[in-house]
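Here are some notes for a colleague who wants to go through the helix packing and the charged pairs with the coordinates open. Please read them alongside the structure displayed next.

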Amino acid sequence: MQTKHPLIALTPYYNDKKEPFMRPAYIAAIRAAGGIPLILPLGQSSEELCQTASVFDGFLFTGGPDIHAFYFGEQTQAHSGNVCLERDQMELALLPLAMAARKPILGICRGIQLLNIALGGDIYQDIPSQFPEDFPIAHTQPFAYEIPSHTVDVLPGTLLARIAANATRFGRTADKTEVSDAAPHIPLRLQVNSMHHQAIRRLGSGLSASAYAPSRLIEAVEKPDYPAFFLGVQWHPEYLWPQDPAAAAIFTEFIKAAAVR
């Protein structure tokens, strides 16, 4: 019997000239996990978005520019960055359709923020000026994305904890300590990369935090009552998966869930 390779919709990057592009790391991570990545266009009609939600097996909301502050009821903060209104509109319209179709959903960086805002939450528009830290972490790291820059603690009993715990033990925790079945209350500690200046502040409806940075900034969310895979992470596992089993497992489990649609 031929193996099914699920079709994964990737929300697009667009430059100032509205030219589409996609970072190859996303495409490589989806293909390595067994999926077929396809980049969505902007400007889809409501009818087209409904068909998109029906046809694709899973949805990856990727990183990118800031989400406009009006979508979560705020003025634009002085340190906010560029926005793409067409992308904001498309993603905010697509997510509820994909959820109504019970499709697996993964959000990365901007993607986790999009999931949260779409479900009624909000974000820090600028971490350095809005979220004081005794030891300021480089949330926009100064070196290559393939190198981790800080750690996150994954809460026990969450989807992310199960994914990480099932990954190969090598590289699973920052200090190489192991979490045994005898101590399920101890968080897993993962090494992650970081390239963002915004982050979740107030959680959206039905979402729960599943990982935190050392400063208690939310780094991962999931939706426990969702009938399929639903996970958002603030870091970029698409750059870490070749050497990090926990990052690879995020994509493996996402594609596995999409393959049974």
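The numbered points below take up helix packing, salt bridges and one loop residue in turn.

1. Please keep in mind throughout that this is a predicted model, and that the values discussed here are computed from its atoms.

2. Two packed helices are described by the angle between their axes and the distance between the axes. For helix 2 (residues 46–55) and helix 3, the axes lie 9 Å apart and the packing angle is about 50°, which makes helix 2 oblique to helix 3. The crossing of helix 2 past helix 3 is right-handed.

3. Which residues make this contact between helix 2 and helix 3? From helix 2 come Leu49, Cys50, Thr52 and Ala53, while helix 3 contributes Met90, Ala93, Leu94, Leu97 and Ala98. Sorted by class, the contact of helix 2 with helix 3 holds 8 nonpolar residues and 1 polar residue, with no charged residue.

4. Helix 3 (residues 85–100) also packs with helix 4 (residues 110–118), their axes coming within 10 Å and crossing at roughly 60°. Helix 3 and helix 4 are therefore oblique to each other, and their crossing is right-handed. On the helix 3 side the residues in contact are Arg87, Asp88, Glu91, Leu92 and Leu95, and they meet Arg110, Leu114, Leu115 and Ala118 of helix 4. The contact of helix 3 with helix 4 divides by class into 5 nonpolar and 4 charged residues, with no polar residue.

5. The charged residues of that contact deserve a separate look, given that the model has a count of 10 salt bridges. One of them joins aspartate 88 to arginine 110, with the closest N and O atoms 2.8 Å apart. Aspartate 88 belongs to helix 3 and arginine 110 to helix 4, so this salt bridge links distant parts of the chain, 22 residues apart. Are these two residues buried or exposed? Both aspartate 88 and arginine 110 are buried.

6. Arginine 110 has a further partner in glutamate 91, their side chains meeting in a salt bridge at 2.8 Å, N to O. Because glutamate 91 lies in helix 3 and arginine 110 in helix 4, the pair ties together parts that are 19 residues apart in sequence. Glutamate 91 is buried, as is arginine 110.

7. Away from these helix contacts, aspartate 122 and arginine 202 form a salt bridge whose closest N and O atoms are 3.6 Å apart. This pair links distant parts of the chain, 80 residues apart, with aspartate 122 in the loop between helix 4 and strand 7 (123–124) and arginine 202 in the loop between strand 10 (199–200) and strand 11 (208–212). Aspartate 122 has a relative accessible area of 8% and is therefore buried, whereas arginine 202, with a relative accessible area of 44%, is partly exposed. Through salt bridges that share partners, Glu74, Asp122, Arg201 and Arg202 are joined into one network.

8. A last point concerns proline 214, which is found in the loop between strand 11 and strand 12 (218–222). Its relative accessibility is 55%, so proline 214 counts as exposed. What does proline 214 contact, leaving aside its neighbours within four places in sequence? The contacts of proline 214 are with Ile137, His150 and Thr151. In addition, proline 214 and aspartate 153 are 7.5 Å apart in space, C-alpha to C-alpha, although 61 residues apart in sequence.

Key
Residues numbered from 1 in each chain as written. Predicted model: local features only at pLDDT ≥ 70, side-chain atom pairs only at ≥ 80, totals over all residues. Heavy atoms only, no water. Axes fitted to C-alpha atoms, helices over the stretch in contact; angles between N-to-C directions. Helix = DSSP H or I, 4+ residues; strand = E, 2+ residues; numbered from the N terminus. Parallel < 35°, antiparallel > 145°, perpendicular 65-115°, else oblique. Left-handed = near helix turned anticlockwise from the far one by under 90°. Contact = heavy atoms within 4.5 Å. Nonpolar A, V, L, I, M, F, W, Y, C, P; charged D, E, K, R; others polar. Salt bridge = Lys/Arg side-chain N within 4 Å of Asp/Glu carboxyl O. Buried < 20%, exposed > 50% of the residue type's maximum accessible area, 1.4 Å probe, protein only.
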